[in-house]
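Me: I am new to this structure and would like a close look at a single part of it. Please take the charged side chains, and go through how they pair and where they lie.

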Amino acid sequence: MSSAADASAPQEIATPVRVRLDLAYDGAAYHGWAAQPGLRTVEGALREGLATLIRREVPVVVAGRTDSGVHARGQVVHFDLSAEEWAGLSRGRDIAPQDALLRRIAGVLARQEGAVVVRAARRVPPAFDARFSALSRSYSYRIVDDDAQRDPLSRGHTVWHRRGLDETLMDAEAALVTGLHDFASFCRPREMGTTVRELQDFRIRRDADGAIIAELTADAFCHHMVRALVGACLEVGEGRRAPGWLAERLGRRSWDAEVRLAPPHGLVLEAVSYPPDDQLAARAARTRALRDAPSAGGAPGQM
């Protein structure tokens, strides 16, 4: 008879059905994405829900791991089920498996106070890889720098900055570091991890409600990269650093004591983009080759 440990171990699936989930979550409710013993995490909550439905542990692959306090509107994961497990989600009813999965996982996660919501579920080609097939990840960061505009109902995803900010200066700083660069000055170092990234878009604007919004898109983000970039822009925007500070830091190519991380709760993973189905395998192969190079190995997608 199999032991409980055997029953919970990852299973080999002969002809897997690959499933994609699109998630949103309130990062304040969790200690980050990655499952950790004794801590409430987004991955832990999702895997607990899937185990309830599938009756076994279901490993998941995520597009980009988020730190404690960081939110998501457009996170993506994939996992594999057997053909029998996929078909069994419908429980013999006249409902498509993806619709049954969406409905049932919503019910399970609702017991966790709704901090994680599955927005979409669907079967995808076997070549789809939530992490390696991604073309880009997009984040936003929201700041209020005027006491009169502080809204207690939005404080969970908005940073209240105590000094006035010049968003024009901040946007000019953001433009200085877009493109393909070694972002070692803005990435917490990890052994054998590459810090070369293509920052495809980085702009900062003041919204109609007076909030300052930073928007960033890159092929991938290394550890703490978004918060370090926004933190440096904040220093220029409040006059603590002269214009050109981000370009100067970029040229150093080293993490040091002058790095200032913006608070995590203003950060939201907004979207992850993927190529058409017929290009998924090629994209994943290309990304793996870059990450597996001798100077690489870092996990794509982290902020």
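Reply: R249 is buried, since its relative accessible area is 2% (buried means under 20%, exposed over 50% and partly exposed in between, with a 1.4 Å probe and protein chains only). What you are looking at is a predicted model, in which local features need pLDDT of at least 70 and side-chain atom pairs count only at pLDDT 80 or more, while totals for chains, interfaces and linings use all residues. Residues are numbered from 1 along each chain as its sequence is written, and side-chain values use heavy atoms, with hydrogens and water left out.

The partner of R249 in a salt bridge is D256, and the closest N and O atoms of this pair are 3.0 Å apart (a salt bridge is a side-chain nitrogen of Lys or Arg within 4 Å of a carboxyl oxygen of Asp or Glu). The pair also belongs to one network, in which salt bridges that share partners join E235, R241, E248, R249, R252, D256 and E258. D256 counts as partly exposed because its relative accessibility is 23%.

Another member of that network, E235, has its place in helix α6, which covers residues 225-237 (helices are DSSP runs of H or I with at least four residues, strands are runs of E with at least two, and both are numbered from the N terminus). With a relative accessibility of 4%, E235 counts as buried. Leaving aside residues up to four places away in sequence, E235 touches R240, R241, W245, E258 and R260, where a contact means heavy atoms within 4.5 Å. Among these neighbours, R241 and E258 are joined with E235 in the network.

In general, side chains of opposite charge can pair when their charged atoms come close. This structure holds 24 salt bridges, and D22 takes part in two that are worth following. D22 forms one with R20, the closest N and O atoms being 2.9 Å apart, and both D22 and R20 are buried. D22 also forms one with R122, where the closest N and O atoms are 3.8 Å apart. That second pair links distant parts of the chain, since R122 is in strand β4 (residues 116-124) and D22 is in strand β1 (residues 17-25), 100 residues apart. The value for D22 is a relative accessibility of 16%, so D22 counts as buried, whereas R122, with a relative accessible area of 36%, is partly exposed.

On the surface, R55, R91, R93 and R103 gather in a patch of positive charge (patches are made of residues with over 30% relative accessible area and no salt bridge, like charges being joined within 9 Å and nonpolar side chains within 5 Å). R55 is found in the loop between α2 (42-54) and β2 (61-62), and it counts as exposed because its relative accessibility is 69%. R91 is placed in the loop between α3 and α4 and is exposed at 54% relative accessible area. R93 lies in the loop between α3 (83-88) and α4 (97-110) and is exposed at 60%.

The backbone adds a further detail to this patch. Most residues other than glycine have a negative phi. Nevertheless, the phi of R55 is positive and near 70°, and R91, although not a glycine, has a positive phi of about 55°.

Definitions and conventions
Areas by Shrake-Rupley, 256 points an atom, 1.4 Å probe, with all protein chains shown as cover. Lys, Arg positive; Asp, Glu negative; His and termini not counted. Charge placed at Lys NZ, Arg CZ, Asp CG, Glu CD.
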